[in-house]
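Reader: I would like to learn how to read a model such as this one, feature by feature. Please show it before we begin.

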Amino acid sequence: MRSHLQLQDRSYLPVALIFTASFLLLLLTSSYSKNNNALAQTPPPCVAGSFFDTTLQTCLGCQAGYYCEGNVTAPAPCPAGTSNSKISQNSSSACTVITHVMFVQTC
């Protein structure tokens with residue numbers, strides 16, 4: 001019975017070592033992940049008319065209805081009441097006032 005208790009007491013050492021090693025690995029991984037994310041979110045210089053897509057890690061042209069002034073991570077929508085039909089626009093001045101055309105059907 002005594003030898004069984006001694007074995008049981010010694011079995012805590014490997015568990016404690018595994019727990020400590022796991023905790024240290026978690027700390028290192030968390031620290032690396034934070035540093036790696038900070039680097040990944042820093043956009044490279046994208047030319048005006050494009051933005052840095054953080055998911056794809058590349059520069060993409062702005063889609064119609066938006067503009068990109070350069071070195072941004074998301075396209076900016078045209079101001080309210082304006083839009084543009086061209087891609088890769090680099091300024092809000094490319095957005096023009098939307099004119100509504102109404103068609104009336106006559107019988």
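Author: What follows goes from the overall fold to the disulfides and then to single residues. The model is predicted.

Reader: Which secondary structure elements does the protein have, and in what pattern along the sequence?

Author: Start with the elements and their order. The protein has 2 helices and 6 strands. Along the sequence they follow the pattern α-α-β-β-β-β-β-β, so by the numbering from the N terminus strand 1 comes after helix 2.

Reader: How many of the residues count as buried, as a percentage?

Author: The cut-off is needed here: a residue is buried under 20% relative accessible area and exposed over 50%, with partly exposed in between. By that rule 16% of the 107 residues of the protein are buried. The surface is the other side of the account. About 8600 Å² is exposed, and carbon and sulfur atoms supply 63% of it.

Reader: What share of the contacts links residues 24 or more positions apart?

Author: The count starts from contacts with a separation of 6 or more, and of these 18% are between residues 24 or more positions apart.

Reader: How many disulfides does a search of the whole structure find?

Author: A disulfide is a covalent bond between the sulfur atoms of two cysteines. The search finds 3 in this structure. With the bonded cysteines numbered in sequence order, the pairing reads 1-2, 3-4, 5-6.

Reader: Where do Cys 46 and Cys 59 lie?

Author: Cys 46 is in the loop between helix 2 (12-40) and strand 1 (50-53), while Cys 59 is in strand 2 (residues 58-61). The two are 13 residues apart, and the pair links distant parts of the chain. Their sulfur atoms are 2.0 Å apart. The angle about the S-S bond is -80°, a left-handed link.

Reader: Are Cys 46 and Cys 59 buried or partly exposed?

Author: Each half has to be read separately. Cys 46 has a relative accessible area of 6%, so Cys 46 is buried. Cys 59 is at 31% and therefore counts as partly exposed.

Reader: How far apart are the sulfur atoms of Cys 62 and Cys 68?

Author: In this disulfide the sulfur atoms are 1.5 Å apart. Cys 62 and Cys 68 are both buried.

Reader: Which parts does the pair of Cys 78 and Cys 95 tie together?

Author: The sulfur atoms of Cys 78 and Cys 95 are 2.0 Å apart. Cys 78 sits in the loop between strand 4 (76-77) and strand 5 (82-83), and Cys 95 in the loop between strand 5 and strand 6 (96-97), so the pair ties together parts 17 residues apart in sequence. This disulfide is left-handed because the torsion about its S-S bond is about -70°. Both cysteines are buried.

Reader: Now single residues. Which residues is Thr 82 in contact with, leaving aside its neighbours within four places in sequence?

Author: Begin with its place, which is in strand 5. Outside that range of neighbours, Thr 82 contacts Cys 95, Thr 96, Val 97 and Ile 98. The side chain of Thr 82 also reaches the backbone oxygen of Pro 79 at 2.6 Å. The relative accessibility of Thr 82 is 19%, so Thr 82 counts as buried.

Reader: Which backbone atoms lie by the side chain of Asn 84?

Author: One is the backbone nitrogen of Gly 65, 2.7 Å from a polar atom of that side chain. Another is the backbone oxygen of Tyr 66, which the side chain reaches at 3.1 Å. Asn 84 is in the loop between strand 5 and strand 6, and is buried because its relative accessible area is 9%. Apart from neighbours within four places in sequence, its contacts include Cys 78 and Cys 95.

Reader: Is Lys 86 buried or exposed?

Author: Lys 86 is found in the loop between strand 5 and strand 6. Its relative accessibility is 55%, so Lys 86 counts as exposed. Beyond four places in sequence, Lys 86 is in contact with Gln 63 and Ala 64. The C-alpha atoms of Lys 86 and Ala 64 are 5.0 Å apart, with their positions 22 residues apart along the chain.

Reader: What is the phi of Asn 71 and of Ser 88?

Author: Phi of Asn 71 is near 55°, a positive value in a residue other than glycine. Asn 71 lies in the loop between strand 3 (66-67) and strand 4. Ser 88 has a positive phi of about 60° and is not a glycine either. Ser 88 is in the loop between strand 5 and strand 6. Asn 71 is partly exposed at 48% relative accessible area, and Ser 88 is partly exposed at 38%.

Technical notes:
Residues are numbered from 1 along each chain as its sequence is written. This is a predicted model: local features need pLDDT of at least 70, side-chain atom pairs count only at pLDDT 80 or more; totals for chains, interfaces and linings use all residues. Side-chain values use heavy atoms; hydrogens and water are left out. Helices (H or I, at least four residues) and strands (E, at least two) are DSSP runs, numbered from the N terminus. Buried means under 20% relative accessible area, exposed over 50%, partly exposed in between (1.4 Å probe, protein chains only). Contact means heavy atoms within 4.5 Å. Accessible areas come from the Shrake-Rupley method with a 1.4 Å probe; for residues, only the protein chains shown count as cover. A disulfide is a pair of cysteine sulfur atoms within 2.5 Å. A polar contact is a pair of N or O atoms within 3.5 Å; within protein, one must be able to donate a hydrogen and the other to accept it, and residues adjacent in sequence count only if both atoms are side-chain atoms.
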